[in-house]
Amino acid sequence: MKFYLLFAAAFAVRISTFSDKDTTTTTVASTTTPVITTASTTTTSTTTQSTTTTSTTTTASTTTTQSTTTASTTTESTTTASTTTASTTTASTTTTQSTTTASTTTESTTTASTTTASTTTASTTTTKATTTTAATTTTTKPTTTTTAAATTTSANTTTTEPPTTTVATTTTLAPCPAVPAAPKNQTWVAQDSTNTTQFIANASFRVWTKFEYAPHKGYCPGALDFTNTKKITAKHLILDGDEWVSVTFNETAGNKTKELELVLKNNGVDYFVQNVSATFSWNNFEGSNDTTTKTIRNDKIHGYPVPAGKAYNCQAAAEVQLAPEEKQIQGLKIQPAIWEAFSDFGNRTVVNNTDECLFDFNDVTPEKVSWNITVTDGKNTTVCGKLAMSTLVNVNYTSILGEDMVANFAISNTTEITHSMSKTCSNDSLSVTFWIKELDFNAANITMDFTTNTNGTFWSLSHATLSYPNGGNPLFPNTNVHAGVTTISSNATLFNTTYGSAFMCHDKHWINATDTWYMQIEDVTIQPFNLTNQDYG
């Protein structure tokens, strides 16, 4: 025991001679410790240094710990420097910093509901202790170091989801009831209250609409056929100088309402269909006992014109769109479209004085028409270009109810034009629009564009456009008002002509010669700009 005290005193004296210097000792250790951590344990260590604290650095090269632990482990410990020697020193202040890296086995508290097997590599605990020493008194405050064990966990997780079974749910809807075949055309004679005949037709009359069919869980197309030629009457009216004939089909029976009214107007030059309305109850259709009535109508038709004293006679059906605001396919179909009104019928019971139907025959003969392209500056009028030609227009389209239709008309000598020149003549381009009117209705517009080539040595017809409004158009009957304006165009180049010269040819030329539409032009004499003394060059 005495020997141990003497050795310790000698060792302390030796250390005191280096009190102004930091002493570093390196210890290398390699330890592998298997640990199974399940308990919750707190270990507290307190070390007191009386006079001098020596900084010691201990390095552990590798610590490998195999453990069975949870996914997250936190270890708290209180420690001081690994080596403490009590001695007396005269240094005014000694600050010792100690870094300790060591392989440490620590009992910690682990709480987890699931235990996961993991592999932990390079588990290292680093402890830093800071000590402040006064002149004669050394006070050592323990430093608490919290060591988080870095754990790398590799786990193969297999997630098994229960199998999903999808059962297809099929709802079987009953088909819509079959629509009966269209009735055959019959002869209809409508008389007023004085037994004077006001209207004769040789046609079938069918109203198309939609009705709700419960087994189908939706709407189905429905047809109301008028077949009783004994249930037709007429009225003749004079309003504001115009003649009107109202034809009523009334086949109401019991609590089933079924009525149709057809109104024609005569303006002294032509007469045409102006208004159509149909009133019916829902119990006219299969599966319904509903006696509620509905009226569908159109008061702005202005269609199917025919010269006064003539009969409208077309094998192509007449389709009148009804209730266009509902945006459904509803209307009156008259097939064939053969009727006569505003005639002195006497005892006659058949249609007479038939007019040729433009929709049945493509034999409209156009006439040659001339126009001058002029501008004015307020005082003088100048002719900038001249056009002369005959033009026939042919357009194929589909009706409201899916029928194939053909519009066939010519540019007449009453057709007005507008053009792109204003105040002064243009010498390199011209756009001309022909306003096609029928029954004072702007039924179509045709625009032709004439331009010069890049170096100005030739001019040509470079572009043509045809547009027409749908719905209530006498030149395009049976069109759907919801389709708006149809515009079709062609970039065909015609009449390549030396600049400053006119194009003249009696042969036929076609703009867009396709199955959809075309314009046939013949007997052409055209010079759109750069005239010589306001005449053809």
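A disulfide is counted here as a pair of cysteine sulfur atoms within 2.5 Å. In this predicted model, Cys384 and Cys425 fit that description, with their sulfur atoms 1.9 Å apart. The link of Cys384 and Cys425 is left-handed, with -75° about the S-S bond. Cys384 sits in strand E25 (residues 381-398), while Cys425 belongs to the loop between strand E27 (416-419) and strand E28 (429-438), so the pair ties together parts that are 41 residues apart in sequence. As for exposure, Cys384 counts as buried at 2% relative accessibility, whereas Cys425, at 31%, counts as partly exposed.

The structure holds two disulfides. Besides the link just described, there is one that joins Cys176 to Cys220, with an S to S distance of 2.0 Å. The link of Cys176 and Cys220 is left-handed too, at -80° about the S-S bond. Cys176 is in the loop between strand E10 (143-148) and strand E11 (186-191), and Cys220 is in strand E13 (residues 218-226), so this pair ties together parts that are 44 residues apart in sequence. Here, Cys220 is buried, with a relative accessible area of 0%, and Cys176 is partly exposed, at 28%. In each disulfide, then, the cysteine in a strand is the buried one and its loop partner is partly exposed. One further cysteine, Cys505, has a relative accessible area of 18% and is buried because the cut-off is under 20%.

Stepping back to the whole chain, the secondary structure comes to one helix and 35 strands. Of the 537 residues, 41% count as buried. The chain exposes about 29500 Å², and carbon and sulfur atoms supply 49% of that area. If one takes the contacts between residues at least 6 apart in sequence, 62% of them join residues at least 24 apart.

Strand E23 (residues 337-341) is a good place to look at how a strand is covered. Five of its five residues are buried, so E23 is largely enclosed by the rest of the structure. In a regular strand the side chains alternate between the two faces of the sheet. For E23, both faces are covered: Ala337, Trp339 and Ala341 are buried on one side, and Ile338 and Glu340 are buried on the other. E23 also has strand partners. Strand E12 (residues 197-213) runs antiparallel to E23 and is joined to it by three bridges, with Ile200 standing opposite Glu340. Strand E20 (residues 312-314) likewise pairs with E23 in the antiparallel sense, again over three bridges. In that pairing, Asn313 has Ile338 as its bridge partner in E23.

Aromatic side chains come next. The structure holds 20 aromatic pairs. Among them is the pair of Phe211 and Tyr213, which is edge-to-face, with 6.2 Å centre to centre and 65° between the planes. Both rings belong to buried residues: Phe211 has a relative accessible area of 4% and Tyr213 one of 11%. Phe450 and Trp459 also form an edge-to-face pair, at 6.2 Å centre to centre and 65° between the planes. Phe450 is buried as well, at 1% relative accessibility. Phe211 and Tyr213 turn up again in a wider group, since together with Phe280, Trp282 and Phe285 they form one aromatic cluster.

Trp459 deserves a second look. This residue is found in strand E30 (residues 458-469) and is buried, with a relative accessible area of 1%. A polar atom of the Trp459 side chain lies 2.9 Å from the backbone oxygen of Ser501. Thr497 comes from the chain 38 residues away from Trp459, yet the C-alpha atoms of the two are separated by 5.4 Å.

Gln520 is another buried strand residue, this time with a polar side chain. Its place is in strand E35 (residues 517-527), and its relative accessible area is 10%. The side chain of Gln520 makes a polar contact with the side chain of Glu522, at 3.4 Å. Leaving aside neighbours within four places in sequence, Gln520 is in contact with Ser390, Thr391 and Leu392, and also with Lys508, His509 and Trp510.

Definitions and conventions
Residues numbered from 1 in each chain as written. Predicted model: local features only at pLDDT ≥ 70, side-chain atom pairs only at ≥ 80, totals over all residues. Heavy atoms only, no water. Helix = DSSP H or I, 4+ residues; strand = E, 2+ residues; numbered from the N terminus. Buried < 20%, exposed > 50% of the residue type's maximum accessible area, 1.4 Å probe, protein only. Contact = heavy atoms within 4.5 Å. Areas by Shrake-Rupley, 256 points an atom, 1.4 Å probe, with all protein chains shown as cover. Pairing = 2+ DSSP bridges. Polar contact = N/O pair within 3.5 Å; in protein donor to acceptor, adjacent residues only side chain to side chain. Phe/Tyr/Trp six-rings, centres within 6.5 Å; stacked < 30°, edge-to-face > 60°.
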